[in-house]
Amino acid sequence: MAKFEERLHAGYGQTLNIDEVLFEYRTEHQDLIIFRNESFGRVMALDGIVQTTEADEFIYHEMLTHVPLFAHGSARSVLIIGGGDGGMLREVLKHARVEAVTQVEIDASVIDMCKRYLPNHSAGAFDDPRVELVIADGVDYVRESAKTFDVIISDCTDPVGPGEVLFTSAFYEGCKRCLNPGGVFVAQNGVAFLQLDEVVTTARRLGPLFADQCFYAAAVPTYAGGIMTFAWASDTAAPRQVDVVELERRFKVSGIRTRYYNPQVHAASFALPQYILDALAAG
Ligand code: SAM
């Protein structure tokens, strides 16, 4: 039995059986593999790091979309950076009040192959008339874009390879210039127990740019090592402080059905373990 060995971390990793390789290719930007695994269904990895699986993608995609969108409450325009598998786009489009979504993905091959081999991720989302798809480096897009957005979601790879620029001050400054007043920026920020330095670095770079910068979290099984942190930033604390009763009202009105997200989970996700708070306080 062939094995997929993830080595994101020097002394620790995860192994998944490769029951069948569905696609494997060195794109212009990264090594892409999509394979079938009996526990997680179809799995997509980039540069040897698990990006998404059919079995647990709902947790990550629901938490990086519904938390900022229900907190904002009236987002009309959304920007997704990365997200080539289409799962983030699928969840954003469930919000009927969202009128336009721009997705900026650096690697067209990821989109093409995920449409073909992970069809349940995008589930037709790329064909939605509200979607504008841009193939470009996200850091360039947010530096040059004339468009602004109510919610910006950075659904990027880890800060190695093409994703590295999406954790820089230049990228965060670009997102600030593209964010409407009252808007919310969120980003995947790694598994805190093993990538705590990345959380601290993000706070150091993102914090000075926004009045309200913090993190929230959820455990995604194939992001091995415990809870994944999500960076949060806004020019106001108001979206983050929406109470559960109001979140319940917005969630109910939306008619959106979820498998992980609910208003109680939303509110609780901002409660962080002490070791993360201590690391952030020590800066
Ligand atoms: N859920 C995954 C995670 O948390 O690691 C991310 C999934 S998604 C597949 C990551 C996407 O970011 C990939 O499609 C990759 O091509 C894209 N990406 C990486 N660097 C990028 C950049 N500089 N600009 C735009 N997209 C980028």
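Which helix gives the most to the lining of the largest pocket? In this predicted model, that part falls to H8, with four residues. The helix runs over residues 244–254, and both H8 and H1 supply at least two residues of the pocket lining. The largest pocket itself has a volume of about 260 Å³. Its lining is made up of 14 residues, and those closest to the pocket centre are Phe70, Gly73, His95, Arg97 and Ser254. Sorted by class, the lining of this pocket comes out as six nonpolar, four polar and four charged residues.

Now for the enclosed spaces. Rolling a probe the size of a water molecule over the atoms shows where empty space is left. Counting those of 30 Å³ or more gives two cavities. The largest cavity holds about 420 Å³ of space, while the second largest has about 40 Å³.

The lining of the largest cavity takes in 39 residues, and Gln51, Asp155, Cys156, Thr157 and Asp158 lie nearest the centre of that cavity. Quite a few elements take part. At least two residues each come from the strands S1 (2–9), S5, S6 (49–53), S7 (77–82), S8 and S11 (179–191), and helix H1 (57–72) likewise supplies at least two. S6 gives the most here, with four residues. As for class, 18 residues of this lining are nonpolar, 15 are polar and six are charged.

The second largest cavity can be listed in full: Gln30, Leu46, Asp47, Ile49, Gln51, Thr157, Asp158 and Val160 line it. Three of these lining residues are nonpolar, three are polar and two are charged. Gln51, Thr157 and Asp158, named above among the residues nearest the centre of the largest cavity, turn up in this second lining too.

That leaves the ligand. Where does the ligand sit? Its place is the largest cavity. There are 27 residues around the ligand, with Gln30, Glu105, Gly138, Pro162 and Tyr223 coming nearest. Gln30 is also one of the residues that line the second largest cavity. Two strands, S5 (41–46) and S8 (100–105), each bring at least two residues to the shell around the ligand, and both strands also supply at least two residues each to the lining of the largest cavity. By class, the shell divides into 13 nonpolar, nine polar and five charged residues.

A few polar contacts can be picked out between protein and ligand. From the side chain of aspartate 137, a polar atom lies 3.0 Å from a nitrogen atom of the ligand. Proline 162 takes part through its backbone, with a polar atom there 3.0 Å from a ligand nitrogen. Glycine 163 also uses its backbone, as an N or O atom of this residue lies 3.3 Å from a nitrogen atom of the ligand. How much of the ligand does the protein bury? Taken alone, the ligand exposes 590 Å², and the protein buries 100% of that area.

Note on methods. Residues numbered from 1 in each chain as written. Predicted model: local features only at pLDDT ≥ 70, side-chain atom pairs only at ≥ 80, totals over all residues. Heavy atoms only, no water. Near = heavy atom within 4 Å. Polar contact = N/O pair within 3.5 Å; in protein donor to acceptor, adjacent residues only side chain to side chain. Areas by Shrake-Rupley, 256 points an atom, 1.4 Å probe, with all protein chains shown as cover. 1 Å grid on protein atoms, 1.4 Å probe; cavity = no way out; pocket = protein on both sides within 12 Å on 5 of 7 lines; lining within 4 Å. Sits in = over half its atoms within 2 Å of the grid points. Nonpolar A, V, L, I, M, F, W, Y, C, P; charged D, E, K, R; others polar. Points joined across faces, edges and corners; volume = space filled by probe spheres on them.
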